[in-house]
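Welcome! Here is a short tour for anyone meeting this structure for the first time. Take a look at the sequence and the model, then read on.

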Amino acid sequence: MPLNSRPLRAVTQQDIDDYQRDGAVCLRGVLDKDWIELLEPLARSVIIEKEDVGLLPTIPGRYMARRLEAYRKLMFEGPIAEAAGKVLQSKEIRFFFDEFFAKPPQSDAKTLWHCDRMAFPVEGTMVPSLWIPLTPIVKENCLEVLAETQHDDVPYWLFSPNARKMIKPDDRVPHPDIEPLRGQPGKRFLTWEMEPGDMLVVHPWALHYSGGNPTDDWRIAISERVFGDDIRWAPRPDCLNIAGVSFDEMLDGEKPEGPLFPLLWSEDGRKDDDSQYPRGFATTWPKREMGGVNEFDTFKKMKEKEDAGELADKSKSPDHKKVGMH
């Protein structure tokens with residue numbers, strides 16, 4: 001099966017300019033149809049049939065390259081990293097992690113307006129979401145981006161699993177209500193019709209959202225997370241946990257490197273093979289029911305609590321007098 005290792009269409013200066021201006025760009029024809037034929041059935045087996053393929057049962061939509069050889073091959077041999085590097089104007093691209101995003105047919109589940117910036121234990125802007133549909137996308141079920149919001153330097157509070165256990169700090173603000181801005185002069189809401197194998201590159205500071213899925217088939221996409229040149233570790237307690245690496249190993253100001261963050265592409269042709277990248281996880285767990293790949297309901301409930309001011313209510317924090325101090 002011929003699988004393309006370079007984008008089918010070269011990244012243009014217009015693509016680069018669009019990304020820098022808007023915080024998102026749609027690249028056409030990054031993956032060929034053979035990649036889609038390889039990847040889509042596996043995605044359906046995990047997302048729809050909830051097949052246990054050894055992914056984490058609590059978040060089976062993440063770390064596919066650890067357990068699914070086709071997704072591992074995609075990252076190490078596919079064209080994604082090159083396309084991302086050229087859009088970002090980065091000399092190197094390293095792997096961070098991958099995940100599924102999916103919505104069932106005729107679903108009204110909406111992803112809240114948010115940006116990904118504060119989810120990651122890093123500083124810098126070159127940690128985009130590379131959003132690649134495996135099924136045809138219409139504008140109604142596409143990722144939607146509010147153009148130019150990547151220029152807003154705002155540390156929004158994101159509902160990561162760690163953040164849900166914390167009291168929201170005073171300097172972290174809720175994500176804004178974007179819907180009232182529709183139709184206002186100067187506000188551009190970007191959506192695309194996409195074919196499987198096209199790729200959105202979305203800036204980590206850009207506000208984005210997803211409506212429901214009005215089609216009669218599942219809407220399935222993969223999101224590849226990568227690091228570019230300017231990324232440095234900056235761990236915080238509210239960040240996402242990353243399987244296999246602890247906050248102790250995320251040294252402030254250091255560049256992410258090592259077996260968990262392999263070099264996928266570089267301008268000068270250097271790259272790592274997959275020999276050192278894990279093929280599993282450091283722990284094992286008893287057999288348990290696989291969870292879903294998305295958390296629409298959880299995010300909705302957290303937003304309701306945020307709107308009610310409950311996330312910043314310090315009266316609900318643990319009483320330090322009842323906690324053993326050593």
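## A buried aspartate

Leaving aside residues up to four places away in sequence, D116 touches S129, P204, H208 and R225. Please keep in mind as you explore that this is a predicted model. D116 sits in the loop between strand 3 and strand 4, the latter covering residues 122–123. Is D116 buried or exposed? With a relative accessible area of 7%, D116 is buried, because buried here means under 20%.

## The six-stranded sheet

Now let us turn to the sheets. Six strands make up an open sheet, and following the order 1-8-5-10-2-12 takes you across it, with antiparallel pairing. Strand 1 (24–27) and strand 12 (263–266) are at the edges; each has a single partner strand, so one side of each is left without a neighbour in the sheet. From one strand to the next, the twist averages 30°. As general background, strands of a sheet pair through backbone hydrogen bonds, either parallel or antiparallel.

Strand 1 is a good place to zoom in. Four bridges join strand 1 to strand 8 (residues 199–202), and the two run antiparallel. Along this pairing, C26 stands opposite L200, while L27 stands opposite M199. Which residues of strand 1 point one way, and which the other? A24 and C26 point one way, V25 and L27 point the other way, and all are buried. This fits a general pattern: in a regular strand the side chains alternate between the two faces of the sheet.

## Helix 5, an enclosed helix

Next comes a helix that lies across this sheet. Helix 5 lies across strand 1, strand 2 (92–103), strand 5 (129–133), strand 8, strand 10 (219–227) and strand 12. With strand 12, helix 5 makes an angle of about 55°.

Why is helix 5 described as largely enclosed by the rest of the structure? Helix 5 spans residues 80–88, and eight of its nine residues are buried, so the rest of the structure largely encloses it. The buried residues are I80, A81, E82, A83, A84, G85, V87 and L88. Just after helix 5, you will find Q89 with a positive phi of about 60°.

## Two helices that cross

Helices also meet each other here. In general, two packed helices are described by the angle between their axes and the distance between the axes. For helix 2 (residues 33–47) and helix 4 (residues 69–77), the axes come within 9 Å and cross at roughly 140°. That angle makes helix 2 oblique to helix 4. The crossing of helix 2 past helix 4 is left-handed.

Which residues make this contact? Helix 2 contributes W35, L38, L39, L42 and A43, and helix 4 contributes A70, Y71, K73 and L74. Sorted by character, the residues of this contact are eight nonpolar, no polar and one charged.

## The four-stranded sheet

There is another open sheet to find, with four strands in the order 3-9-6-7 and antiparallel pairing. Strand 3 and strand 7 (189–190) stand at its edges, each with a single partner strand, so each has one side without a neighbour in the sheet. Strand 6 (residues 143–146) and strand 7 run antiparallel and are joined by two bridges. Within this pairing, L146 stands opposite F189 of strand 7.

## Loops worth a visit

Finally, some loop residues are worth finding. N162 belongs to the loop between strand 6 and strand 7, and at a relative accessible area of 14% N162 is buried. Not counting residues up to four places away in sequence, N162 touches P237, D238, C239, L240 and N241. How many residues apart in sequence are N162 and L240? They are 78 residues apart in sequence, yet 6.7 Å apart in space, C-alpha to C-alpha.

Y63 has a positive phi of about 65° although it is not a glycine. Y63 lies in the loop between helix 2 and helix 3 (64–67), and its 3% relative accessibility counts as buried. Q106 is not a glycine, yet has a positive phi of about 55°. Look for Q106 in the loop between strand 2 and strand 3 (111–114).

Note on methods: Residues numbered from 1 in each chain as written. Predicted model: local features only at pLDDT ≥ 70, side-chain atom pairs only at ≥ 80, totals over all residues. Heavy atoms only, no water. Buried < 20%, exposed > 50% of the residue type's maximum accessible area, 1.4 Å probe, protein only. Pairing = 2+ DSSP bridges. Axes fitted to C-alpha atoms, helices over the stretch in contact; angles between N-to-C directions. Contact = heavy atoms within 4.5 Å. Parallel < 35°, antiparallel > 145°, perpendicular 65-115°, else oblique. Left-handed = near helix turned anticlockwise from the far one by under 90°. Nonpolar A, V, L, I, M, F, W, Y, C, P; charged D, E, K, R; others polar.
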